[in-house]
Amino acid sequence: MAVTTPESEHNYLNHEKGLWSWLTTLDHKRIGIMYMVSVMFFFLLGGIFALLIRTELAAPGPGILGDGQTYNQAMTFHGAIMVFMVIIPGIPAFLGNFVLPLHLGAKDVAFPRLNLLSWYCLMVGALITFTSLIYNGSDTGWTFYTPYSIEHASSGTVWVVLGAFVMGFSSILTGLNFIVTTHTLRAPGMSFFRMPLFVWGLYSTAIIQVLATPVLAITLLLLAAERLLGIGFFDPALGGDPVLFQHFFWFYSHPAVYIMILPAMGVISELITAFSRKTIFGYRAIAFSSLGIAAVSFFVWGHHMYVSGQSELAGVIFSFLTMLVGVPTAIKTFNWVATLYKGSIVFQSPMLFALGFLFLFTIGGVTGIMLATLAMDVHFHDTYFVVAHFHYVMVGGTLMAIMGGIYYWFPKMFGKMYSEGMARMSFVFIFTGFNVTFFPQFVLGAMGMPRRYFDYLEIYTHLNQVSTAGSYMIGIGFVIGLVTIIQGMMNGEKASDNPWGAKTLEWQTASPPPHENFNYEPQVTAGPYEYR
Amino acid sequence: MLALFYAFISQAHGRSFMPIAGTKVAQKVDSLYSFLLVISVISCVLVIGGLIYFALKYRRKTADDKTAYISHNNTLEFLWSFIPFVLFIVVFAWGWLIYRDMRSFPDDALEIHVLGKKWNWDYQYKSGKRTTAELTVPVGVPVKLIMTSQDVIHSFFIPSFRIKQDVVPGRYTALWFEAEKQGRYQIFCTEYCGDQHSAMLGTLNVVSLEEYETWLGDNPYKGLSLAEVGQKVFSQKCTVCHNVNDQRKVGPGFAGLYQKQRQFADGSQAVADENYIRDSILMPQKQVVEGYPPNGMISFQGQLAENELLGLIEYIKTLK
């Protein structure tokens with residue numbers, strides 16, 4: 001460490017120097033930044049695959065990707081990268097790592113070494129996944145449905161499966177770490193009901209990560225064993241049951257949807273309060289609805305399987321339980337809107353993303369209810385309606401929250417400000433482009449166009465062209481966002497400790513925070529949103 | 001007010017972008033869809049409208065604005081939990097009722113076997129007729145599809161009928177419909193099944209009952225009993241190697257075969273029942289009778305329709 005650094009300038013970024021100090025760091029803030037860099041890199045890759053897919057679909061017939069197999073591989077990598085490397089680690093591991101201990105007034109997470117190990121698990125898992133490219137790639141889609149993935153898929157599939165297995169550990173360990181951190185490292189006076197709602201979101205997420213991810217791990221291991229050793233679990237030709245695989249897979253992958261959205265909802269609570277300078281409406285309702293969603297999320301996996309051949313009674317029960325998840329989700333949305341009432345609202349870029357989230361998530365929510373309805377889903381299942389719905393929730397929800405969160409905590413992370421004008425421009429492109437891309441897909445789905453189609457009938461051409469045009473707008477929006485972030489890091493103006501006037505603990509320490517987060521022990525005497 | 005609501009529903013319905021509704025079930029699904037569309041639009045207008053209204057009305061005026069401290073409101077929170085809950089339950093029940101119609105198979109349905117394979121559909125009619133080109137069914141008659149796959153999971157989707165069912169290897173799944181109008185309808189595969197997934201298209205051809213019967217009439221076995229079907233198949237495919245008396249040709253003669261004790265090359269024994277005859281036609285290497293070469297008989301797997309196979313079994317049973 002450079003001794004010449006004045007005491008006031010000492011922060012976690014200059015605490016140690018050199019690449020090696022980053023790769024071996026135990027500081028949650030630095031690990032958070034490493035997640036940020038990796039997630040942004042993966043997002044760029046996944047985004048390139050998305051644009052390739054949309055370009056192929058700009059017209060019927062073979063296009064830029066040439067044939068069905070290449071298209072299916074692009075589709076598989078887009079899905080696997082975006083799910084396992086971007087949206088799942090995006091908020092908990094990146095924003096959560098940076099913010100959680102600061103939110104709680106702690107020096108670090110409970111297990112700093114485990115925290116670093118989680119990052120390496122993600123990196124190693126990602127490397128294994130990309131190894132599949134040497135072995136002819138993979139074309140199963142991110143869902144690995146059997147028996148296709150066992151007997152028919154291209155030979156790199158087992159690498160993607162093992163990669164996802166290893167990345168799962170990153171998620172489990174992060175979840176474990178956050179649960180223990182939340183229970184044991186809260187500052188004096190930080191009772192559970194004084195915790196920011198982002199912490200509640202992360203905590204609920206962590207429960208799912210710890211309980212559900214091992215099921216995915218076991219399922220993927222069984223799949224690999226079946227593929228490599230010919231042991232029959234899921235392939236009827238070997239005496240297995242392919243529908244069993246779907247039960248196992250969705251037992252994880254449905255709760256995983258909430259791993260993606262619950263922390264995003266937490267971020268939104270922070271943004272809405274900070275930029276309307278108002279206490280949250282219904283703190284307890286929002287906090288408990290996070291836990292409620294997490295609990296019920298374990299019992300709704302079968303709504304992915306209404307037409308799979310699962311028992312019809314199971315379909316009815318799953319439809320009912322899925323409706324129940326709708327209630328706490330609706331409560332949250334109403335609470336956020338109510339928080340705006342009589343607020344003092346500014347449209348800084350993080351707030352634009354938060355409002356964009358509410359707009360898109362509402363549409364994602366109502367179409368989710370349509371899909372939960374048994375007879376409706378029979379028509380919509382595996383059509384573009386589903387594709388549109390989950391992009392509204394995952395991109396319109398989670399990614400909007402990540403973008404808002406990055407802009408919100410950027411001054412805290414780097415002690416600098418980005419260009420507000422550029423950030424707003426990125427919002428305009430992303431938000432507009434998103435609707436242009438995905439709204440037509442609802443219509444395509446209603447018209448019956450199935451998903452995962454390399455080619456399509458003439459009648460679907462027009463809307464697909466609109467959709468493709470929109471995807472380029474999203475691409476431009478994210479490039480502007482990336483430039484804004486890099487430019488802000490390099491040449492941004494110095495940021496004050498609390499540029500937004502927010503009340504949570506992280507804004508009371510320096511920007512960027514010192515290595516130990518706080519130079520004093522924070523004492524908490526009030527809730528997180530005391531705007532009076 | 002009600003009239004306005006009704007107008008709104010019919011408007012939504014007209015713009016629903018759903019394909020033509022070809023069955024009663026499809027019309028029911030469309031009514032539910034219109035309802036969902038209407039409440040969805042209302043919810044979105046309320047939430048997003050409220051959002052925009054508040055955001056504009058309560059814009060920050062001065063740098064040190066004070067805001068009202070409103071922590072919660074029990075009545076309001078109860079209402080906006082309870083009202084969605086009731087709506088969701090209504091929608092759930094409505095969806096369930098229609099789903100029950102979709103899954104209640106009429107007893108008198110015309111049964112057609114569907115085999116999914118990479119990357120086309122294969123249809124087998126009870127008469128023995130077998131096609132891959134298109135599925136032809138009569139109008140106004142309930143049709144039940146009994147489906148399985150010979151490789152990976154496929155899914156049988158008729159958008160105009162709003163029905164879909166995965167077609168899974170190793171088990172039978174089923175669908176039923178009763179087409180209301182003659183015409184040609186699109187069939188898609190909706191479960192990802194590999195390179196040519198998007199080319200696994202099909203056509204459903206709904207024709208009048210007379211037309212259907214004429215079409216089916218090309219059937220070589222029309223009006224024949226099962227044993228007669230078997231006799232016909234036997235004369236075409238089996239007589240090269242097998243006699244109808246008990247004399248050995250290349251393979252054994254079949255008179256008196258049924259219920260006879262068979263001695264196999266590996267020392268085991270079995271009674272020649274229906275399963276044995278079926279296995280011997282489809283998987284002849286499974287049990288080779290003592291004194292015959294191990295590869296003397298070729299497999300007829302995939303070359304016989306189910307009724308041809310049943311016919312053969314029945315015919316062999318009659319040989320005394």
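This is a short tour of a predicted model, with selections to make in your viewer and notes on what you will find there.

Before you start, residues are numbered from 1 along each chain as its sequence is written, while chains are lettered from A and ligands numbered from 1 in the order in which they are written. Because the model is predicted, local features need pLDDT of at least 70 and side-chain atom pairs count only at pLDDT 80 or more, whereas totals for chains, interfaces and linings use all residues.

**Stop 1: chain B as a whole**

Select chain B. It has 7 helices and 12 strands; helices (H or I, at least four residues) and strands (E, at least two) are DSSP runs, numbered from the N terminus. Along the principal axes, the C-alpha atoms of chain B fill a box of roughly 105 × 50 × 35 Å. The radius of gyration of chain B is 30 Å, where a compact globule of 320 residues would have one near 20 Å. That radius is taken over C-alpha atoms, and the globule rule is 2.2 Å times the number of residues to the power 0.38. Of the 320 residues in chain B, 31% are buried. A residue is buried if 20 or more other C-beta atoms lie within 10 Å of its own, exposed if 12 or fewer, and partly exposed in between, with C-beta atoms placed from the backbone.

**Stop 2: the open sheet of chain B**

Now select β3, β2, β1, β5 and β8 of chain B. These 5 strands form an open sheet in the order β3-β2-β1-β5-β8, with mixed pairing; two strands pair if DSSP finds at least two bridges between them. At the edges stand β3 (130–131) and β8 (173–177), each with a single partner strand, so one side of each has no neighbour in the sheet.

Walk across the sheet from β2(B). Strand β1 (residues 110–117) of chain B and strand β2 (residues 120–125) of chain B run antiparallel and are joined by 6 bridges. Try B:I112, which stands opposite B:Y125 in β2(B). Between these two strands, pick the loop residue B:W119: a cis peptide bond joins B:K118 to B:W119, with omega about -5°.

Next, move to the other side of β1(B). Here 7 bridges join β1(B) to β5(B), and the two run parallel. B:G116 stands opposite B:S149 in β5(B). Strand β5 (residues 143–149) of chain B then runs antiparallel to β8(B), with 5 bridges between them. Two bridge pairs to click here are B:I146 with B:A174 and B:M147 with B:T173. Is β8(B) largely enclosed or left open by the rest of the structure? It is largely enclosed, because 4 of its 5 residues are buried.

**Stop 3: B:L282**

Staying in chain B, select B:L282 in helix α6 (residues 274–282). With 15 other C-beta atoms within 10 Å, B:L282 is partly exposed. Add B:Q301 to the selection: the two residues are 19 apart along the chain, and their C-alpha atoms are separated by 4.7 Å.

**Stop 4: a helix pair in chain A**

Switch to chain A and select helix α6 (residues 157–184) and helix α7 (residues 197–229). Their axes come within 7 Å and cross at roughly 155°, which makes α6(A) roughly antiparallel to α7(A). Axes are lines fitted to C-alpha atoms, for helices over the stretch in contact, and angles run from 0 to 180 degrees between N-to-C directions. Angles under 35 degrees count as roughly parallel, over 145 as roughly antiparallel, 65 to 115 as roughly perpendicular and the rest as oblique.

Colour the contact of α6(A) with α7(A) by residue class to find 23 nonpolar, 7 polar and 1 charged residues. Here Ala, Val, Leu, Ile, Met, Phe, Trp, Tyr, Cys and Pro count as nonpolar, Asp, Glu, Lys and Arg as charged, and the others, Gly among them, as polar.

**Stop 5: backbone details in chain A**

Select A:K342, in the loop between α10 (312–340) and α11 (349–372) of chain A. A:K342 is not a glycine, yet its phi is positive, at about 60°. It has 16 C-beta neighbours inside 10 Å and therefore counts as partly exposed.

Finally, go to the segment after β2 (493–494) of chain A, where A:P512 lies. A cis peptide bond joins A:S511 to A:P512, with omega about -15°. A:N517 is also in the segment after β2 of chain A. Its phi is positive too, about 75°, although A:N517 is not a glycine. Is A:N517 buried or exposed? With 22 C-beta neighbours inside 10 Å, A:N517 counts as buried.
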